[in-house]
There are 2 protein chains.
Amino acid sequence: MGATKTEHFTNKHNAIATLAKALGHPARVAIIDYLLHAENCICGDIVNELPLAQPTVSQHLKELKNAGLIKGSIEGNSICYCIDEKAIAKMKTYFVHISMTLAKKKNNCY
Amino acid sequence: MGATKTEHFTNKHNAIATLAKALGHPARVAIIDYLLHAENCICGDIVNELPLAQPTVSQHLKELKNAGLIKGSIEGNSICYCIDEKAIAKMKTYFVHISMTLAKKKNNCY
DNA sequence: ATTTAATATTGCAATATTACGATATTGAGT
DNA sequence: ACTCAATATCGTAATATTGCAATATTAAAT
């Protein structure tokens, strides 16, 4: 017990959960926000922006990367991280779909 | 250490993270999916749909409720849970906004 | 009032996450 | 080769999450 029973759920549900989980921490939301607005996307800047130590930021970046929300390319001795549009598109589609289905459905709670 | 430093982040970032975190588990995504398609939304049905024991499902429902993703009204001796459209709208807006900003931006990663 | 069905709460063990100091790696500039 | 700057990894402590058996609660039906 304690471990998520991933194998019992559908791929679709697991995929959404993985992306959502990656955004389930304010530091990671802040990183996405930063990447969305930054001109250049060198990681050192992100460390300065966040109230967290460098290893912690590095760990959060890793999680975003594992989940597929960001991708990084080495650029000299620093790294250019940026948002992976495909992951954002997936989440956008997911919520748009829920929204539309709900609109048609006449929700039956007060 | 080990606790998220919520107080160091903006309300906006914390709000998105809270909603995302609530969806960061396949069981909770499955619950939302079920509520989206179910005619009647009695909790017992959800327990039968999921590969988890009743207390576990109850706990997941509680988390979705705390995060504001679902709301529940007592209906006789069962409970009518349903999706809170406002929370979905918030997430939809969030991802639509990222998507649009990215489209204008010409992402600079390969 | 008792029983039954639906749901919630408690308590606890297993596991995961968060955070960071210390240390490693790696590429650029000297 | 040496140093410096940027980033990653390791190790580990603190905390949170997941899952469930046992138990409690509550409303309907008898």
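# Reading a two-chain interface

Analyst: The contact, counted where heavy atoms lie within 4.5 Å, takes 52 residues from chain B and 52 residues from chain A. The model is predicted: local features need pLDDT of at least 70 and side-chain atom pairs count only at pLDDT 80 or more, while totals for chains, interfaces and linings use all residues. Residues are numbered from 1 along each chain as its sequence is written, chains are lettered from A and ligands numbered from 1 in the order in which they are written, and side-chain values use heavy atoms, with hydrogens and water left out.

User: How much area do chain B and chain A bury between them?

Analyst: The size of an interface is often given as the accessible area lost when the parts come together. The loss is computed with a 1.4 Å probe and summed over both parts. Here chain B and chain A bury about 4,700 Å², and 71% of that area is on carbon and sulfur atoms. In chain B, the residues that lose the most area to chain A are B:F9, B:L36 and B:F95, together 13% of what that side buries.

User: How many salt bridges and how many residue pairs in polar contact are found between chain B and chain A?

Analyst: A salt bridge is a side-chain nitrogen of Lys or Arg within 4 Å of a carboxyl oxygen of Asp or Glu. Across this interface the rule finds zero salt bridges. A polar contact is a pair of N or O atoms within 3.5 Å; within protein, one must be able to donate a hydrogen and the other to accept it, and residues adjacent in sequence count only if both atoms are side-chain atoms. Seven residue pairs, both members at pLDDT 80 or more, are in polar contact between chain B and chain A.

User: Which elements give two or more residues to the side of chain B that touches chain A?

Analyst: Elements are DSSP runs numbered from the N terminus: helices (H or I) have at least four residues and strands (E) at least two. On the side of chain B that touches chain A, the elements are α1, α2, β1 (70-75), β2 (78-83) and α5. The largest share, 13 residues, comes from α5(B).

User: How should α5(B) be read, and which of its residues are buried?

Analyst: An α-helix has 3.6 residues a turn, so residues three or four places apart point the same way. The expected span is 1.5 Å times one less than the number of residues. α5(B) has 21 residues and reaches 30 Å from its first C-alpha to its last, close to the 30 Å expected. Buried means under 20% relative accessible area, exposed over 50% and partly exposed in between (1.4 Å probe, protein chains only). In α5(B), B:A87, B:I88, B:M91, B:Y94, B:F95, B:I98, B:S99, B:T101 and B:L102 are buried. Their cover includes α2, β2 and α5 of chain A together with α1 and β2 of chain B. At the N-terminal end B:D84 caps the helix, with a side-chain oxygen 3.0 Å from the backbone nitrogen of B:K86. Just after the helix, B:K106 takes a positive phi of about 55 degrees.

User: Which residues does A:I98, in helix α5 of chain A, touch?

Analyst: Leaving aside residues up to four places away in sequence, A:I98 touches B:I32, B:L36, B:I83 and B:I88. A:I98 counts as buried because its relative accessibility is 2%.

User: How many aromatic pairs are there over all chains?

Analyst: A pair of aromatic rings is described by the distance of the centres and the angle of the planes. Rings of Phe, Tyr and Trp (its six-membered ring) pair if their centres lie within 6.5 Å; planes under 30 degrees apart count as stacked, over 60 as edge-to-face and the rest as tilted. The search finds three pairs over all chains. One of them joins A:Y94 and A:F95, edge-to-face at 5.0 Å between centres and 70 degrees between planes. The rings of B:Y94 and B:F95 are also 5.0 Å apart with planes at 70 degrees, so that pair is edge-to-face. Ring pairs link these four residues, A:Y94, A:F95, B:Y94 and B:F95, into a cluster.

User: What does A:R28 form with A:E63, and where do the two residues lie?

Analyst: A:R28 forms a salt bridge with A:E63, the closest N and O atoms being 3.2 Å apart. The pair links helix α2 of chain A, which holds A:R28, to helix α4 of chain A, which holds A:E63, 35 residues apart. A:R28 is buried at 7% relative accessible area, whereas A:E63 is partly exposed at 34%. The side chain of A:R28 also makes a polar contact of 2.9 Å with the side chain of A:H60.

Key
Buried area = accessible area lost by both parts, 1.4 Å probe.
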